[in-house]
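User: Please take a close look at one part of the structure shown below, and give a connected account of it.

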Amino acid sequence: MVAIVLLLQARRQMTAPELAEELEVSERTIRRDLDSLLLAGVPLYSQRGRGGGWALLDGHRINLSGLTS
């Protein structure tokens, strides 16, 4: 999940299939992880249609130094 957030920070927007390919997991795993991130309060949104994908709200940056197990 941390890798998803880092990729979205770096690339601004990615589709679930792009994330799955980059992270070498299934698209189902990506969708499950995106749901978990949303439930944890990470400010994500999705855009449907051509040119759509997942992104952090307003280029939001996550400070990962405070994460715990």
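How many salt bridges does the count come to, and how does helix H2 (residues 16–23) fit into the picture, including which of its residues are buried?

Analyst: The model is predicted, and the count comes to two salt bridges.

One of them involves helix H2. Arginine 11 pairs with glutamate 22, with 3.4 Å between the closest N and O atoms. Because arginine 11 belongs to helix H1 and glutamate 22 to helix H2, this salt bridge ties together parts that lie 11 residues apart in sequence. Arginine 11 is partly exposed, at a relative accessible area of 42%, and glutamate 22 is likewise partly exposed, at 40%.

Helix H2 also has a buried side. Ala16, Leu19 and Ala20 are the residues concerned. Viewed down the axis of H2, the buried residues fall within an arc of 100°, so they line one face of the helix. An α-helix has 3.6 residues a turn, so residues three or four places apart point the same way. The buried residues of H2 pack against helix H1 (2–11), strand E1 (13–14), helix H3 (27–39) and strand E3 (53–56). After H2 comes glutamate 24, which has a positive phi near 55°.

The other salt bridge joins glutamate 27 to arginine 31, and its closest N and O atoms are 2.7 Å apart. These two residues are four apart in helix H3, and therefore about one helical turn separates them. Both ends are partly exposed: glutamate 27 has a relative accessible area of 33%, and arginine 31 one of 41%.

How values were computed: Residues are numbered from 1 along each chain as its sequence is written. This is a predicted model: local features need pLDDT of at least 70, side-chain atom pairs count only at pLDDT 80 or more; totals for chains, interfaces and linings use all residues. Side-chain values use heavy atoms; hydrogens and water are left out. Buried means under 20% relative accessible area, exposed over 50%, partly exposed in between (1.4 Å probe, protein chains only). The arc is that of the directions from the helix axis to the C-beta atoms. Contact means heavy atoms within 4.5 Å. A salt bridge is a side-chain nitrogen of Lys or Arg within 4 Å of a carboxyl oxygen of Asp or Glu.
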